[in-house]
Amino acid sequence: MLKSSENYVRKLVEENLRIDTRGFEDFREIKIEKDVIKTAEGSARVMMGNTHVLVGIKLSVGEPFSDIPNEGVLIVNTELSPVASPTFEPGPPKEDSIEISRVIDRGIRESKCIDLEKLCIESGKEVWMVNIDIYVLDHDGNLIDAGALGAISALLNTKMPKYEDKKVKYGEYKGKLPMRDVPIEVTIGKISNKLLIDPNIEEEDALEARVTVATNKKGEICALQKGGNGYFTIDELEKAMDLSILKGKELRKVIS
Amino acid sequence: MTKIGKPEKMIENGKRLDGRKLEEFRKITVEVSVLKRAGGSAIFKFGDTYALSAVYGPRHLHPRHLQDPQKAFLRCRYSMAPFSSQERIRPGRSRRATEISKVLKEALSNVISFEDYPKAGIDVFVEILQADASTRCAGLNAASLALAEAGVPMKNFISSCTVGKVGGKIVLDVGGVEDQFGDVDMAVAIIGDEDKIVLLQMDGIITRQEFTKMINLAKKGCTEIYEKQKEILKEKYKTGEEDVEVE
């Protein structure tokens, strides 16, 4: 992105405007489609403006971690596919995609939305592994929120494959993945000392800092991550928390 | 779920498992100039958490395509020694280490005067030699001192500590067993004693009110760290170079 675009975004924000004419507390239009991939146990497609993310959930049976032998295993991975942006290159995950995965993972894990204990088949030996794969198809900013929304939408919709004679019978199902909460992640960006939500790609390039807040059904905070080279004051963070709790409630209505 | 080996009470009579008060740090140990070859180096310990940081540069940056004609380029690498934890940590880049390296770099970027060294590279290495929670904070505190000792122009220090929720209570400086069995762990870094938060990571469930309490406690803790950082540098330059003219 050219420097001039960054400056333009900043100047607009100083005049209380956004490059796509949204209000500072508005998400872009969000469209969610569920069950879009037949081969996955759960899936969702999220369009957040022009940001397009596909999330697939695959279940398999494996060994639990030795320190939590009676819980299923959760694994989140993000693929920044080269189809999604001229800046994405093929190859192993880089720090950006690792951060996205880990922040989304934290929201899901810490909210305890998946009842992982129910995913234990035989303590210490066999548990269900929940693989959440976030596939970014078009990157127009705010991949964390779009990915997290896709992940929770897909999880709420995931069917449990049958497991018989030590074999997973893909395509045959028995019940749904045990879910008990709906965590939502909301990212708040800071440009020219002003806070705005759901930054698009032009705004992301002009961001001084961002903070992602994951909230649960009760409106409690379950994960936080600050990013970017700038800073937040305590007052700004407090405002960001309030805003995330509010927006989390709104988004939760959209998906459940 | 009951976790294996979880103590019955994390806090008893206002005292934590290791005898600390709720808002009390573990013993903090700081040393600067601990390595011979590095431009700057420091050790920062929170109790049994032992972080070593070394700074190389500003120096010629390779590969060249990373060079910026306007300013210096900062690289940061956090890693944990294989023997630093109960269970051996496999050498090589983990996803956790990659993420922490990124947030440490972003935090330090706030205070370095990059414009003073166009085209150059500054490398900050953080090695956790012994881990007992709050490693990223100890690493950041050490890195700040190492950068200062390396003579990298900085606007201020980055000072960092953790706050947490253990046994339902808000505590300062989460220690080993508390990290494992506590409810919440939040890492915060601040520019010196200013109202500027440059690192914030949390996992675990807290209410909105608890956030306010925790962030303010973290600010207080970071200010205490900041005083320690200033003190140790002043001390070093007082004893090491007594004949230097003081303004």
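**Exercise 1. A helix across strands**

Find what helix H1 (residues 95-109) of chain B lies across, and the angle to E6(B) at which H1(B) runs.

*Solution.* Start with the helix itself: H1(B) lies across E6 and strand E7 (120-130) of chain B. Then compare directions: H1(B) runs at about 140 degrees to E6(B). Now look at another helix, H2 (residues 135-149) of chain B, which packs on the sheet and touches E3, E4, E5, E6 and E7 of chain B. The direction of H2(B) makes about 150 degrees with that of E4(B). Keep in mind that you're looking at a predicted model.

**Exercise 2. The sheet in chain B**

Work out the order of the five strands in the open sheet of chain B, and say which strands are its edges.

*Solution.* Step one is the order: E3-E4-E5-E7-E6, with mixed pairing. Step two is the edges: strand E3 (28-32) and strand E6 (73-80) of chain B each pair on one side only. Step three is the twist: neighbouring strands are turned by 15 degrees against each other on average, if you ignore direction.

Zoom in on one pair next. Strand E4 (residues 40-46) and strand E5 (residues 49-60) of chain B run antiparallel and are joined by seven bridges. To see one of them, pick Phe44(B): its bridge partner in E5(B) is Ala51(B). As background, strands of a sheet pair through backbone hydrogen bonds, either parallel or antiparallel.

**Exercise 3. Where the chains touch**

Describe the side of chain A that touches chain B, and find which element supplies the largest share of its residues.

*Solution.* First, the count: 31 residues of chain A are in contact with 29 residues of chain B. Second, the elements: helix H2 (95-110), strand E12 (221-227) and helix H5 (234-255) of chain A each supply at least two residues. The largest share, seven residues, comes from E12(A). Third, the chemistry: this side of chain A has 12 nonpolar, eight polar and 11 charged residues.

E12(A) also pairs across to the other chain: four bridges join it to strand E11 (residues 197-206) of chain B, and the two run antiparallel. One place to look is Leu224(A), whose bridge partner in E11(B) is Met202(B).

**Exercise 4. Chain A as a whole**

Decide how the radius of gyration of chain A compares with what the globule rule gives.

*Solution.* Begin with the parts list: chain A has five helices and 12 strands. Its radius of gyration is 19 Å, close to the 18 Å that the rule gives for 256 residues, so chain A is as compact as a globular protein of that length. Its C-alpha atoms fill a box of roughly 65 × 35 × 30 Å along the principal axes. Buried residues make up 46% of the 256 residues.

For a covered element, try helix H3 (residues 143-155) of chain A: 13 of its 13 residues are buried. H3(A) reaches 18 Å from its first C-alpha to its last, close to the 18 Å expected.

**Exercise 5. One lysine**

Is Lys162(A) buried, partly exposed or exposed?

*Solution.* Locate the residue first: Lys162(A) sits in strand E7 (residues 159-164) of chain A. Then count: Lys162(A) has 14 C-beta neighbours inside 10 Å. Buried needs 20 or more and exposed needs 12 or fewer, so Lys162(A) counts as partly exposed.

Last, check its company. Leaving out residues up to four places away in sequence, Lys162(A) touches Lys169(A), Glu172(A), Tyr173(A) and Lys174(A). Lys174(A) is 12 residues away along the chain, yet the two C-alpha atoms are separated by 5.6 Å.

Notes: Residues are numbered from 1 along each chain as its sequence is written. Chains are lettered from A and ligands numbered from 1 in the order in which they are written. This is a predicted model: local features need pLDDT of at least 70, side-chain atom pairs count only at pLDDT 80 or more; totals for chains, interfaces and linings use all residues. Two residues are in contact if their C-beta atoms, placed from the backbone, lie within 7 Å. Ala, Val, Leu, Ile, Met, Phe, Trp, Tyr, Cys and Pro count as nonpolar, Asp, Glu, Lys and Arg as charged, and the others, Gly among them, as polar. Two strands pair if DSSP finds at least two bridges between them. The expected span of a helix is 1.5 Å times one less than its number of residues. The radius of gyration is taken over C-alpha atoms; the globule rule is 2.2 Å times the number of residues to the power 0.38. Axes are lines fitted to C-alpha atoms, for helices over the stretch in contact, and angles run from 0 to 180 degrees between N-to-C directions.
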